Amino acid sequence: MSKQTKFSNFVKGRSPSNKKNEKLNVFVDHLQNTRDSKDKIRGQTGIVYDERMVEHQCLWDPNYPECPERFTRVLERCREYGLAQRCVEIQPRKATQDELLKLHTPDRIELLKGTDGSPDAEALEAISSGYDAIYIHPSTNELALLAAGSTVEMVDAILDGKIQNGMAVIRPPGHHAMKSEYCGYCFFNNVAVAAQHALDNKGVERILIVDWDVHHGQATQQMFYEDPRVLYFSVHRYEHGAFWPNLRESDFHYIGSGVGKGFNVNVPLNKTKMGNADYLAIWHQLLLPLAYEFQPELIIVSAGYDAALGCFEGEMEITPACYSHLTSSLMGLAQGKLAVVLEGGYCLKSLAEGAALTLRTLLGDPCPVIAKVEEPCQSIQESILSAIYVLRPMWKCLQFQGRFDASKVGSQKEGKHFVPSVTFEGSDVKQTLFATRNCYPVQSNETIDLLDQRLDKLIKETSLAVPKHRVCFIYDERMALHRNINEPGHPERPARITSIYQKLMEFGVLERCHRLDARDADREELLWLHQADYIDEIAATAGKKQSTLNQLERQYGSIFICPETYQAALLSAGSSLQIVESILSGESRSGIGVVRPPGHHAECDEAYGFCFFNNTALAAKYAIEIHHLERILIVDWDVHHGNGIQRMFEEDPRVLYISLHRFDIFPFKPEESDCNVVGSGSGAGYTVNIAWPKRGMGDTEYLAAFQQIIMPIAYQYNPQLVLVAAGFDAAQGDPLGGKINFKKVLFIYRWISFNYTTFIGCKITPEGYGQMTNMLSSLAQGRVAILLEGGYNLDSISHSMTMCAKALLGDPLPSPRIEPLNPAAISTIKQVVSHLLPYWSSLCFHVDLPEGDVLPPCEVTKKPLSIEEQLEKLQLESSGATSQEPETIVEGTVLLLEACGVTEAAPPKTLQEFLLLPENVEAMKEGTLFSVVPLSWCPHIEGHVLPDDNVANPWGLQTPCSCCQDKSENWVCLSCYQVNCGRFVKGHMKEHHNESGHSLVLSFSDLSIWCYECDSYVDNRAFYSAKNRLHVEKFGEPLPPSFSG
């Protein structure tokens, strides 16, 4: 299939379908992607910069925020940490004319070129004043070309395989630079130019641009707004348009147009002081689900650090360490092809620290621990839910919120219902002249000192230790001596671990790992969780005749025992402890235990489900008893519920146990394994059961469970160690992932081994397991131990464990297999969230959203016309003043002229002529005269506006606000005729709209009508009665018909 056809199918297939998936009899080797990744190991990290970039500075304002120190401090910090020295240096270069012309107009390129080397600071300032937040230096052209070209060069190096990922430490920044306008410190759009280059010249079809700068990258959005090949994702301060760049299209409901609809994502931050919890929620609820479904081939980050703590422009509170986590979560995508490009950031300390920790993560160092995150704030909950609402028709991954009929429930958030709304508090007035000095916020010295102290404390407390070994490993052939003497082909057979070991060798993994010596668990360690008489009973099996052991097998029913079983069980448990010791002592960052017999079914006093001693549970207890850990996360992704682990810690909050399993198969204990089982006593909420009710769950469903449940809870829990009970029997092709009773396994194993597809259970691919491992690696400074549990298809388990090892080593991971979400999985995840929400406030996004469209239409801001052009374009509508009513126009114009003090000039015959008078054109340029053309109709007129005559309560110009009794600036609601004050008094009319949903209001001051839902003035004949009533009271005569729609 051609690339074009594949991409076309991706775009066409994005909308959720009501049709059932057709089953195609096509054989697909689900291990091929893993095999193809055999020789793909972690590459180097690149860095590109040019020391000349310090030359760009403001000649007329030495305190300008976009200063050379932004560049030097980032490089200094990267060198202090020894990071820059570990990178491959990419040679900077200038962007070519052809590269720039793809996205920028020739006149803007030539204008900047004309300033090159100019000594005339006054002229440079004059040119700069024509653009919003811009200064031009004699070196600006040269350095802007270098910034754009260097970004392209780094992207080329990544796509050509010279480096794995990289960071461009460049300035001036770029994401505000529009096609024909400089803006916001930016001249050429570095990221957009590089993305376009990759699309045009590198055969790339899907690029994800993540813009975490605190200002909306409106220019990048504009450049790809209709292009489905680029998924643009921006998180930015907005405050309903009150924050720069004050654009309507920065809001959540601007999602692209044409074939690009759904590929533009805005997450507006409508309040300040948002922190780590808010950004992580955006990642888990929106960015990562979209990114995994989109499956980008390249990721570019517009990395502004002005949302970091201390930045006076952003006023947010992201800690520098959090940027490491945001970066890490993206590194599992696009086979690790990730370019981070510097944009904003104006608190030098947090900018330098955040950028350095980002580069450190790109280099493969573990994410620093961030403090326990709390509930995302109410404002970000609303922004995320609003974005989900507008995007879910286009994306299959955004289907976890329910639906309701907004017309029946109302326009308020009621319980578990949320109705998105659009509010714009900015201004649509387009300036033509801009300040060039003292045009930025300034912090007091006291504020600077306090923030500096907080940053110093954070930096001092952030551990950046890197263990000597990235991954440790244990395997011992003595564990293969445990075997079923009576049934040599039993699924839990020695070949399980030998096949994994051979595959790790074949893929070159073991030579990059630190091998540990296996050891026995001692009796004291076993007694932490197992009863003495049970330990003695298993110990007594050593060396006994097989006939005696067969009787004991029948007693337990779901195990087999041979004379070597006890020794193998001691080794399996002790080796698990050995891995934990290597990790917690600081010798290794993470570890892999290729051990058997498995352990997670073993009870305190009973062998069960192939298990004797509970390896993973003992490893957790070891961390508690020996290393005094207080928070351990166990993720059990074996397809069978880990009843033994759960029972051992169900009342212990020091262990958060999360199990993903099939509810309808062994061990058949619904009272223990259902979604409503959450622990007890002080451990309530620390047991999480994601109980799939049926077969068929694959990468899509498991990744959704991670994004919706596991990672939000894990970040809130803040574990010190992560243990994975790694059964691979949810892998595609596993014989025991289907609905099989373990007690009957002994009689059907031969048949299963040749016919396992008949028992298809779950269908996780090896790369799916790798992605889950990668996600967990961002926790606990990367302290993750993968301990083998089940998994009985030798190909599946060997490739799956190998992919987990490659993930821990930082190798690029193949894309998982993403399919439409199984409806049963959606239902299960929603059930789990409902049971856990009382304990974990991070799970607060499963509310119902309205059916249909409840939002006003989007109008993308076009290139602004000059005032003269706007007036020439102005046409009087036939519903208003026309050539048939010239007297009315002249009369109205005379009144306007008199109000402006003009009495001698002959009155113009049309409003257009009046506005084109030279003095009025000049007044509009100066901002002292404004022309507003209202909507002639809006969808809220019918059903909202009631005839004035039907209203019983009297109202008029002297009617006070119903809430505060103020009379200075009031409005009347055109639905219920309640009178309230406007936003410049106490805003009670806006509150009335929020409470009632009534949209249309009439001003007592100027008889204008405002629609809150359309966010616009409206004039229509339907309002004549109400407007005329005020006009008669105000002026003593009826309102001329042409002055009301």
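**Exercise 1. In this predicted model, how many bridges join β1 to β2, and in which sense do the two strands run?**

*Solution.* Start with the pair itself: β1 and β2 run parallel and are joined by two bridges. For a landmark, look at G46, which stands opposite V88 in β2. Now step back to the whole sheet. It is an open sheet of eight strands with parallel pairing, in the order β2-β1-β3-β8-β7-β4-β5-β6. Its edge strands are β2 (88–89) and β6 (264–269), each of which pairs on one side only. Finally, add the helix: α12 (residues 348–362) packs on this sheet and touches β1, β3 and β8. The direction of α12 makes about 160° with that of β3.

**Exercise 2. Find the neighbours of β3 in the sheet: which strand is joined to β3 by bridges from β1's side, and which strand does β3 join in turn?**

*Solution.* Take one neighbour at a time. Strand β1 (residues 45–48) is joined to β3 by four bridges, and the two run parallel. Within that pairing, T45 has N165 of β3 as its bridge partner. Next comes strand β8 (residues 338–342), again parallel to β3 and joined to it by four bridges. Here A168 has V341 in β8 as its bridge partner. Now check the faces of β3 (residues 165–168). N165 and M167 lie on one side, G166 and A168 on the other, and all of them are buried.

**Exercise 3. Work out the surroundings of β17: are its residues buried or exposed, and which strands pair with it?**

*Solution.* Begin with burial. Strand β17 (residues 784–788) has five of its five residues buried. Sorting them by face puts V784, I786 and L788 on one side and A785 and L787 on the other. Then turn to the pairing. Strand β12 (residues 588–593) pairs with β17 in the parallel sense over three bridges, while strand β16 (residues 721–726) runs parallel to β17 and is joined to it by five bridges. A785 is a handy residue to click on: it is the bridge partner of G591 and also of L723.

**Exercise 4. Locate the sheet that contains β22 and β23: what is its strand order, and in which sense do its strands pair?**

*Solution.* First trace the order, which is β20-β19-β21-β22-β23; these five strands form an open sheet with antiparallel pairing. Next, find the edges: β20 (979–981) and β23 (1016–1017) each pair on one side only. Zoom in on β22 (residues 1009–1011), which pairs with β23 over two bridges in the antiparallel sense. There, C1011 stands opposite S1016 in β23. Last, find the helix. α33 (residues 988–996) lies across β19 (970–973), β20 and β21 (1000–1003), and runs at about 120° to β20.

**Exercise 5. At roughly what angle do α10 and α11 cross, and which residues make the contact?**

*Solution.* The axes of α10 (residues 276–294) and α11 (residues 320–330) come within 10 Å and cross at roughly 10°. Angles under 35 degrees count as roughly parallel, so α10 is roughly parallel to α11. On the α10 side, the contact is made by N276, Y279, L280, W283, L287 and L288, and on the α11 side by C322, L326, S329 and L330. Sorted by type, the residues of this contact are eight nonpolar, two polar and no charged.

**Exercise 6. Where does α24 bend, and by about how much?**

*Solution.* Follow α24 (residues 699–717) along its length: the bend is at F706 and is about 45°. Then check burial, where 19 of its 19 residues are buried. Continue just past the helix to N718, which takes a positive phi of about 60°.

**Exercise 7. Where does Y839 sit, and which residues does it touch?**

*Solution.* Y839 lies in the loop between α28 (823–836) and β18 (849–850). Its relative accessibility is 38%, so Y839 counts as partly exposed. Leaving out residues up to four places away in sequence, Y839 touches V678, A684 and G685. For V678, compare sequence with space: Y839 is 161 residues away along the chain, yet the C-alpha to C-alpha distance is 9.4 Å.

Terms used:
Residues numbered from 1 in each chain as written. Predicted model: local features only at pLDDT ≥ 70, side-chain atom pairs only at ≥ 80, totals over all residues. Heavy atoms only, no water. Pairing = 2+ DSSP bridges. Contact = heavy atoms within 4.5 Å. Axes fitted to C-alpha atoms, helices over the stretch in contact; angles between N-to-C directions. Buried < 20%, exposed > 50% of the residue type's maximum accessible area, 1.4 Å probe, protein only. Bend = angle between axes of the 7 residues up to and from the residue. Parallel < 35°, antiparallel > 145°, perpendicular 65-115°, else oblique. Nonpolar A, V, L, I, M, F, W, Y, C, P; charged D, E, K, R; others polar.
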